[in-house]
Amino acid sequence: LARFVSSGARKVLPCSTSALRTRCMSDTTRTIRDQVVNTFTQNLRIAIITNTRCAQVAQEKHKLDGSGSVLLSRAMCGVSLLASLMEGEERVAMDIIGSGAYRRITAEAIQLGEVRGFVSKGDGEAKGAWQASLGSGTLRLTRTRYGQSRPDVGTVALQRGDVASDLDHCLNFGEQVPSVVHMETHRGEDDSKILFSGGLLVQTMPFAPKGLLEDVRARVSGLSMRDVLAHAPSSLPNPILSIAAAIMPESEKFIDSPSGGPSYSRTLVDFFCRCSKDRFMGQIVTLGAAEIKDMQAQGHRDLDCHYCAKKYVLEDKDFQTLLERSSK
């Protein structure tokens with residue numbers, strides 16, 4: 001019932017002016033605010049995210065164990081990366097259906113930097129490697145764009161169940177968009193709390209040299225985003241750009257901004273849900289007066305948001321409001 005709506009919009013921060021570049025310079029501390037950074041070379045489009053805090057918030061809200069928290073953090077990473085290539089409140093949703101310890105992993109994001117998601121457990125128990133927690137299943141991507149009456153939807157079979165490989169397969173073979181997807185999730189010694197979460201998406205421009213993406217994929221295969229960030233040079237306006245530099249072939253260079261240095265933009269990212277009691281009631285009123293009366297009679301007053309685990313309770317006055325609205 002809870003959906004993104006057009007309110008509370010936030011702005012992308014294009015870090016090309018001196019004032020905003022100064023603001024971005026504050027990011028050179030080792031604790032980096034969750035954000036997506038987008039940059040380009042002549043032949044590559046690169047999106048990089050650090051979403052550690054979002055992953056931790058989701059883990060806390062949904063009381064997730066180690067495997068569930070990793071899967072959800074990666075799903076949120078994936079939709080945030082894809083949303084960064086869209087506009088405003090255009091939305092990307094990822095729905096993973098599994099047959100193992102987790103029946104469903106759902107995440108959605110908008111380009112403005114909001115992301116949310118939830119996990120539904122299956123009948124089994126999470127044993128062994130977390131990648132095996134999903135079992136067999138499917139990954140579905142849904143993109144809702146401005147000016148389109150229907151969303152774009154694509155579905156592929158799960159490959160490894162690690163989200164990154166599955167999204168990579170979906171983009172390359174399902175959508176025929178040459179892409180490289182990489183995700184990292186590091187947990188504490190007890191494999192519980194997430195200490196670092198991030199990822200990247202690299203896509204080639206039209207007429208890019210043959211073999212360029214394979215070169216990028218080889219560089220990404222041995223990448224540790226956390227290590228690169230820990231040694232990011234202060235000469236870069238944003239430390240996340242050091243990850244882009246680490247995976248770019250020698251033939252590729254950053255496109256320069258008018259003020260000098262790499263041209264890039266960043267969007268701050270937060271786990272954020274726009275659910276509310278009013279929004280739930282707006283959906284319930286469509287059920288009609290008879291169904292609403294039946295809900296009240298049977299004591300169905302609790303409303304739970306799957307995305308953020310927030311709970312609402314319908315009071316008698318709320319039912320009265322619903323009945324009045326349904327009769328109009």
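## Strand 5 and its neighbours

Two strands count as paired if DSSP finds at least two bridges between them. By that rule strand 4 (residues 91-98) and strand 5 are partners in this predicted model, with 7 bridges joining them in an antiparallel arrangement. One of the matched pairs puts Asp-95 across from Thr-106 in strand 5. To get from strand 4 to strand 5, the chain takes a hairpin through 3 residues.

On to strand 6 (residues 114-121), which also runs antiparallel to strand 5, this time with 8 bridges. Here Ile-105 sits opposite Val-119 of strand 6. Another hairpin makes the link, again with 3 residues between the strands, and Gly-113 in the turn has a positive phi of about 110°. As for strand 5 itself (residues 102-110), 7 of its 9 residues are buried, so the rest of the structure largely encloses it.

## The nonpolar cores

Ile-105 turns up again in the largest nonpolar core, a set of 60 residues. Along with Met-94 and Leu-141, Ile-105 has the most contacts inside that core. The biggest contributor to this core is helix 3 (residues 66-83), which supplies 9 residues. There's also a second, separate core of 25 residues, and its members include Ile-32, Met-225, Leu-229 and Tyr-264.

Back to Leu-141 for a moment. Leaving aside residues up to four places away in sequence, Leu-141 touches a stretch made of Val-92, Ala-93 and Met-94, and another made of Asp-152, Val-153 and Gly-154, among others. Its contacts also include Leu-82, Leu-167, Cys-170, Leu-171 and Glu-175.

## Arg-143 and Glu-175

Arg-143 lies in strand 7 (residues 137-144). With residues up to four places away in sequence left out, Arg-143 touches Leu-82, Met-86, Arg-91, Val-92, Pro-151, Asp-152, Leu-171 and Glu-175. Is this arginine buried or exposed? Buried: the cut-off is under 20% relative accessible area, and Arg-143 comes in at 10%.

The contact with Glu-175 deserves a closer look. Side chains of opposite charge can pair when their charged atoms come close. In this case the side chains of Arg-143 and Glu-175 meet in a salt bridge at 2.6 Å, N to O. The pair ties together distant parts of the chain, 32 residues apart: Arg-143 belongs to strand 7, while Glu-175 is in the loop between helix 4 (164-174) and strand 9 (179-187). Unlike its buried partner Arg-143, Glu-175 counts as partly exposed, at 28% relative accessibility.

## Helix 4

Helix 4 comes just ahead of that loop, and it's mostly covered, with 8 of its 11 residues buried. Those buried residues are Ala-164, Ser-165, Asp-166, Leu-167, Asp-168, Cys-170, Leu-171 and Asn-172. Of these, Leu-167, Cys-170 and Leu-171 are among the residues that Leu-141 touches. Just past the end of helix 4, Gln-176 takes a positive phi of about 60°.

## More salt bridges

How many salt bridges does the structure hold? It has 18. Another of them brings together the side chains of Arg-219 and Glu-250, at 2.7 Å from N to O. This pair, too, links distant parts of the chain: Arg-219 is in helix 5 (residues 212-221) and Glu-250 is in the loop between helix 7 (241-247) and strand 11 (264-268), 31 residues apart. Arg-219 is partly exposed at 26% relative accessibility, whereas Glu-250 is exposed at 59%.

Then there's Asp-318 with Lys-277, whose side chains form a salt bridge at 3.0 Å, N to O. In this pair both residues are in helices, Asp-318 in helix 10 (residues 316-326) and Lys-277 in helix 8 (residues 277-284), with 41 residues separating them in the chain. Asp-318 is buried, at a relative accessible area of 9%, while Lys-277 is partly exposed, at 23%. Finally, Glu-89, Glu-114 and Arg-274 are joined into one network by salt bridges that share partners.

Methods:
Residues are numbered from 1 along each chain as its sequence is written. This is a predicted model: local features need pLDDT of at least 70, side-chain atom pairs count only at pLDDT 80 or more; totals for chains, interfaces and linings use all residues. Side-chain values use heavy atoms; hydrogens and water are left out. Buried means under 20% relative accessible area, exposed over 50%, partly exposed in between (1.4 Å probe, protein chains only). Helices (H or I, at least four residues) and strands (E, at least two) are DSSP runs, numbered from the N terminus. A nonpolar core is a set of buried Ala, Val, Leu, Ile, Met, Phe, Trp, Tyr and Cys residues joined through side-chain atoms within 4.5 Å. Contact means heavy atoms within 4.5 Å. A salt bridge is a side-chain nitrogen of Lys or Arg within 4 Å of a carboxyl oxygen of Asp or Glu.
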